[in-house]
Amino acid sequence: MRKRITLKVNETRTFELESHEGGGYCWTIASNDESVTEVNIKRHEPTQEIATVPLGKSFPSLVEIKALAKGKAIVLLEEKRAWEKDIKPLNNCKIYITIN
C-alpha cells in the first residue's frame, strides 16, 4: 500500500490502517527520518462495550504523522508479529511525504 501526503511544518495528519491484531500482528515503524517527521502508531479503542466485541476482532490502527521540518520523507510501516524475525511482514505501507 502506498500513500502520498503534503503537510506544512508542525501540521499533523492522522489516518487508519487495517489491523490484524487478533492474529498477533501489529504495525511498526520500519523506517523514518526523525529529523523531518514524527510518527506514532496507536491502537484504535472500540467505542462499544468490550463485552459485545467478538473474540479475535481487530480494530484499525491509528497512524499519526507530524511534520517537523521542510523537505521530503518516506515512512515505511510494516504489519508483522513481533516474535517472527525472518518472515516477511503481512502488510506494509509506504508513505511519501512532502513538507512545505
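The following questions and answers cover the sheets, cysteines and nonpolar core of a predicted model. Local features need pLDDT of at least 70, side-chain atom pairs count only at pLDDT 80 or more, and totals for chains, interfaces and linings use all residues. Residues are numbered from 1 along each chain as its sequence is written, and side-chain values use heavy atoms, with hydrogens and water left out.

Visitor: In what order do the strands of the three-strand open sheet stand?
Guide: Strands are DSSP runs (E, at least two residues) numbered from the N terminus, and two of them pair if DSSP finds at least two bridges between them. The pairing in this sheet is antiparallel, and the order is E2-E5-E4.

Visitor: Why is one side of E2 and of E4 left without a neighbour in the sheet?
Guide: Strand E2 (12-17) and strand E4 (37-43) stand at the edges. One side of each is left without a neighbour because each has a single partner strand.

Visitor: Which residue in E5 stands opposite Glu38?
Guide: E4 and strand E5 (residues 61-67) pair in the antiparallel sense over seven bridges. Opposite Glu38 in E5 stands Lys66.

Visitor: Which residue in E7 is the bridge partner of Arg2?
Guide: The open sheet of four strands has mixed pairing and the order E1-E7-E6-E3. Within it, E1 and strand E7 (residues 91-99) pair in the parallel sense over six bridges. The bridge partner of Arg2 in E7 is Lys94.

Visitor: Is Cys93 buried or exposed?
Guide: Buried means under 20% relative accessible area, exposed over 50%, and partly exposed in between (1.4 Å probe, protein chains only). Cys26 has a relative accessible area of 32% and is therefore partly exposed. Cys93 has a relative accessible area of 0%, so Cys93 is buried.

Visitor: How many disulfides does the structure hold?
Guide: A disulfide is counted for a pair of cysteine sulfur atoms within 2.5 Å. By this criterion, the number of disulfides in the structure is zero.

Visitor: Which strand gives the most to the largest nonpolar core?
Guide: A nonpolar core is a set of buried Ala, Val, Leu, Ile, Met, Phe, Trp, Tyr and Cys residues joined through side-chain atoms within 4.5 Å. The largest has 17 residues, of which Leu17, Val63, Ile65, Leu77, Ile95 and Ile97 touch the most other members. E1, E2, E5, strand E6 (71-80) and E7 each supply at least two residues. With four residues, the strand that gives the most is E7.
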